[in-house]
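Grab a pencil and work through a few short exercises on the structure below. Try each task on your own before you read its solution.

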Amino acid sequence: MANKDELIGAARNPWWQAAAALAAVALVVTFALGGFKRAKSQTKPLPQYSAGQRVQSGAMAVTPLRAWVARYRPGGQVEPNQLYLVLQTDIENRTGRSFGGFGYPHKDLILVSAQREPVQADNLLMADDHSVIADLHPRMTQRVDLVWKLPPDYVYASRQTFGLFARDYKAKAHLNDEGAWMQGEPLAKLDLPVQDLRDRRVAP
């Protein structure tokens with residue numbers, strides 16, 4: 001093992017100093033380029049859908065209807081210092097079994113943040129009575145409000161991008177050989193105009 005004097009001498013060597021400088025630069029560049037994040041495949045752009053257009057993700061069929069920003073959750077009164085972004089959509093369960101609303105819809109239908117990251121909704125409510133979503137039954141279409149809490153200093157945007165993940169059935173998805181619907185890659189972008197309802201005191 002090198003002693004203290006040998007280490008000090010090596011540190012003063014111009015070749016070692018140059019190598020250390022190059023390593024530091026490489027580290028900074030790696031961070032700047034996102035090298036420590038999961039690599040994203042270089043594929044063609046995702047297809048984009050608008051309000052009223054139906055898109056099938058495998059386990060579900062989703063038809064985005066409208067989006068709005070308000071100071072209340074659907075069915076509620078104005079809440080001080082709180083804003084909500086709501087996406088209203090029709091969701092059809094295309095599997096052979098019922099599944100919970102906080103399963104596939106919550107995980108697969110997301111808000112795309114300004115940093116291009118997926119953000120899951122804080123609440124999923126039935127659009128008709130504003131109750132918390134329960135089970136979605138096979139081949140039935142149900143209207144759902146996905147609700148995101150926004151910071152008080154939220155900057156209103158006239159359009160918003162949401163995302164939908166694919167979900168495919170795998171016959172042997174677990175160690176016990178049971179099948180399951182597994183989440184896949186991002187499938188589509190949903191681009192909707194956002195209605196500004198911040199001046200209203202109750203839900204429409």
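What follows is a set of tasks on a predicted model, each with a worked solution.

**Exercise 1. Confidence along the chain**

Task: Find the average pLDDT of the protein chain, and the stretches where it drops below 50.

Solution: Start with the whole chain. The average pLDDT is 79, and 75% of the residues score at least 70. Next, look for the weak spots. Residues 1–11 have a pLDDT below 50, and beyond near neighbours in sequence this stretch makes 3 contacts in the model. Residues 13–42 are also below 50, with 7 contacts counted that way.

**Exercise 2. Getting to know K189**

Task: Work out which strand holds K189, and whether K189 is buried, partly exposed or exposed.

Solution: First, place the residue: K189 sits in strand β12, which runs over residues 180–196. Second, check its accessibility. The relative accessible area of K189 is 26%. Buried would need under 20% and exposed over 50%, so K189 counts as partly exposed.

Third, list its partners. Skipping neighbours within four places in sequence, K189 touches L46, P47, Q48, Y49, R116, T161 and F162. Finally, try a C-alpha distance: K189 and S50 are 139 residues apart along the chain, yet their C-alpha atoms are separated by 8.7 Å.

**Exercise 3. Aromatic pairs**

Task: How many aromatic pairs does a search of the whole structure find, and what is the geometry of the one between W148 and F162?

Solution: The search turns up 3 aromatic pairs. One of them is F99 with Y104, a tilted pair with 4.6 Å from centre to centre and 50° between the planes. Both F99 and Y104 are buried.

Now for W148 and F162. Their rings are also tilted, with centres 5.5 Å apart and planes at 40°. Where do the two residues sit? W148 belongs to strand β10 (residues 141–150) and F162 to strand β11 (residues 159–170), so this pair ties together parts that are 14 residues apart in sequence. As for accessibility, W148 is buried at 1% relative accessible area, and F162 is buried at 0%.

**Exercise 4. Positive phi angles**

Task: Take R116 and H130, and say which loop each one lies in.

Solution: Begin with R116. Its phi is near 65°, a positive value in a residue other than glycine. R116 is in the loop between β6 (109–112) and β7 (118–119). With a relative accessible area of 48%, R116 is partly exposed.

Then do H130, which has a positive phi of about 65° although it is not a glycine. H130 lies in the loop between β8 (123–126) and β9 (135–136). Its relative accessible area is 32%, so H130 is partly exposed.

**Exercise 5. Nonpolar cores**

Task: Which residues have the most contacts inside the largest nonpolar core, and which elements give two or more residues to it?

Solution: The largest core has 30 residues, and those with the most contacts inside it are M60, L85, L109, L146, W148 and F162. Two or more residues come from each of β3 (60–70), β4 (83–93), β6, β8, β10, β11 and β12.

Another core lies apart from this one; it has 8 residues, including A70, Y72, V86 and L125.

To finish, zoom in on L146. Leaving out residues up to four places away in sequence, L146 touches L85, V86, L87, T89, P105, L109, A121, N123 and L124.

Definitions and conventions: Residues numbered from 1 in each chain as written. Predicted model: local features only at pLDDT ≥ 70, side-chain atom pairs only at ≥ 80, totals over all residues. Heavy atoms only, no water. Helix = DSSP H or I, 4+ residues; strand = E, 2+ residues; numbered from the N terminus. Buried < 20%, exposed > 50% of the residue type's maximum accessible area, 1.4 Å probe, protein only. Contact = heavy atoms within 4.5 Å. pLDDT = per-residue confidence, 0-100. Phe/Tyr/Trp six-rings, centres within 6.5 Å; stacked < 30°, edge-to-face > 60°. Core = buried A, V, L, I, M, F, W, Y, C linked by side-chain atoms within 4.5 Å.
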